[in-house]
Amino acid sequence: MALTLTAADLPLLSAGASFCGTGGGGSPKLTELMVRSAFSEPIETVLPADLPPDTQCFAPAFAGSTLLLSERLPSHDDFGQLIAVAERWIGARLEAACSFEAGGMNALTPFLFAGERLIIDADCSGRAVPTLDRTSLYIARLPGLFAVCSTGAGGVALITSERAKDVDGLMRAAMIQSGGAGAVLFAGFTARDLETASLHGHLARSLEFGRALLETATAPVYTLADRLGATLVGEGRIVSLTQDSRDPHVHAAEVAGRNGSVIRLVSRSEHLAVLVDGETVAAAPEYIVAVDALSRELIEVTDLRLHRHVAILTRPADAWWRDFPQRAAKLFPSSYGLTGLDPEW
């Protein structure tokens, strides 16, 4: 069921986007501020099935370093030239925007276009993901899919390939050329494509998560878990932070659980797995969230600190992943080169 969203829903959507980021994707606070004016009037969203099947759609996002994006503030204008190039390429207007990532700052990016384009309650990942080959559009191998991104100094690159890794690599090169961060959009797909090649209802889910976080701010952590439909893996103090000798991008936080258990949170740019006493209890694409047990702040990977008191929550992934293990395998820890952590699905 499509939603009507109001200004009161925006902070809830932002909190939900933080939860879905599972420690990555950057803070949605920046895009929350950017889209606030769009919520001066109620926003009607639609589901893919509500649109004519041939409606041309696009997914806008910011890519590159989230740290740079917080220093070089992006804007709606960053997408103008990209949209013009995309529309010239397909010979049609882009009518509707969906989100590329339900987690982190890009969860709210489509609302930059509220009022001028339709907003679709559809998403391409369900959580924060680091590469294109881990998104539903590229997993579905849609014909005609392409990316448009800035290369800096007014330059634009249009990239299309049957191999997602090629698109990902060229897009990263363009981001470096443009200074390390910038706008990107994905197009070449229709509402018909989104019916099977996207996750539906993520806005409703984000609202649910956001309300749970707000309404249980002073309640015990297990109450928060119950409201989220999540599992409370454990609660305790971070006693060590280690780096994988084989991959410097892989980190592990060891938490001394209050019940005597040893909890190990394995992360890269987002949380990938959690183990209790050496056994994996959850792994991507499931939601894995670290929450400050005192402030209830949702903790990003970069904010894990020694002696911080945290609670670790997990929640099942969207059915788009759960019902098709071959899709989920694209997000399993083994897809990052981490062995022995994959869930048994």
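Two residues are in contact when heavy atoms of theirs lie within 4.5 Å. With that in hand, a good place to start in this predicted model is Ser125. Setting aside its neighbours within four places in sequence, Ser125 is in contact with Phe100, Glu101, Ala102, Leu199 and Trp321. Ser125 sits in the loop that runs between strand S5 (118-123) and helix H5 (136-139). Its relative accessibility is just 1%, so Ser125 counts as buried. One of those partners, Phe100, turns up again in a polar contact: its backbone oxygen is 3.5 Å from a polar atom of the Ser125 side chain.

Next come the aromatic rings. Searching the whole structure turns up eleven aromatic pairs. Among them is the pair of Phe58 and Phe113, which meet edge-to-face, with 5.2 Å from centre to centre and 85° between the planes. This pair ties together distant parts of the chain, as Phe58 belongs to strand S3 (residues 56-64) while Phe113 lies in the loop between strand S4 (96-99) and S5, 55 residues apart. What about accessibility? Phe58 has a relative accessibility of 0% and so counts as buried, and Phe113, also at 0%, counts as buried too. The two rings also belong to a wider group, since ring pairs link Phe58, Phe62, Phe79 and Phe113 into a cluster.

Rings can also have a charged side chain for company. Arg134 lies over the face of Tyr336, 3.9 Å from the ring centre. Over the face of Phe324 lies Arg327, at 3.9 Å from the ring centre.

That leaves the cysteines. A disulfide is a covalent bond between the sulfur atoms of two cysteines. How many disulfides does a search of the whole structure find? The count comes out at zero. For Cys57, the closest cysteine sulfur is that of Cys98, and at 6.6 Å it is too far away for a bond. Cys98 is in no disulfide either, and its nearest cysteine sulfur, in Cys124, is 4.3 Å away. To count as a disulfide, the two sulfur atoms would have to be within 2.5 Å. Are these cysteines buried or exposed? Cys57 is buried, with a relative accessible area of 0%, and Cys98 counts as buried at 0% relative accessibility.

Terms used. Residues are numbered from 1 along each chain as its sequence is written. This is a predicted model: local features need pLDDT of at least 70, side-chain atom pairs count only at pLDDT 80 or more; totals for chains, interfaces and linings use all residues. Side-chain values use heavy atoms; hydrogens and water are left out. Helices (H or I, at least four residues) and strands (E, at least two) are DSSP runs, numbered from the N terminus. Buried means under 20% relative accessible area, exposed over 50%, partly exposed in between (1.4 Å probe, protein chains only). A polar contact is a pair of N or O atoms within 3.5 Å; within protein, one must be able to donate a hydrogen and the other to accept it, and residues adjacent in sequence count only if both atoms are side-chain atoms. Rings of Phe, Tyr and Trp (its six-membered ring) pair if their centres lie within 6.5 Å; planes under 30 degrees apart count as stacked, over 60 as edge-to-face and the rest as tilted. A charge sits over a ring if NZ of Lys or CZ of Arg is within 6 Å of the ring centre and within 35 degrees of the ring normal.
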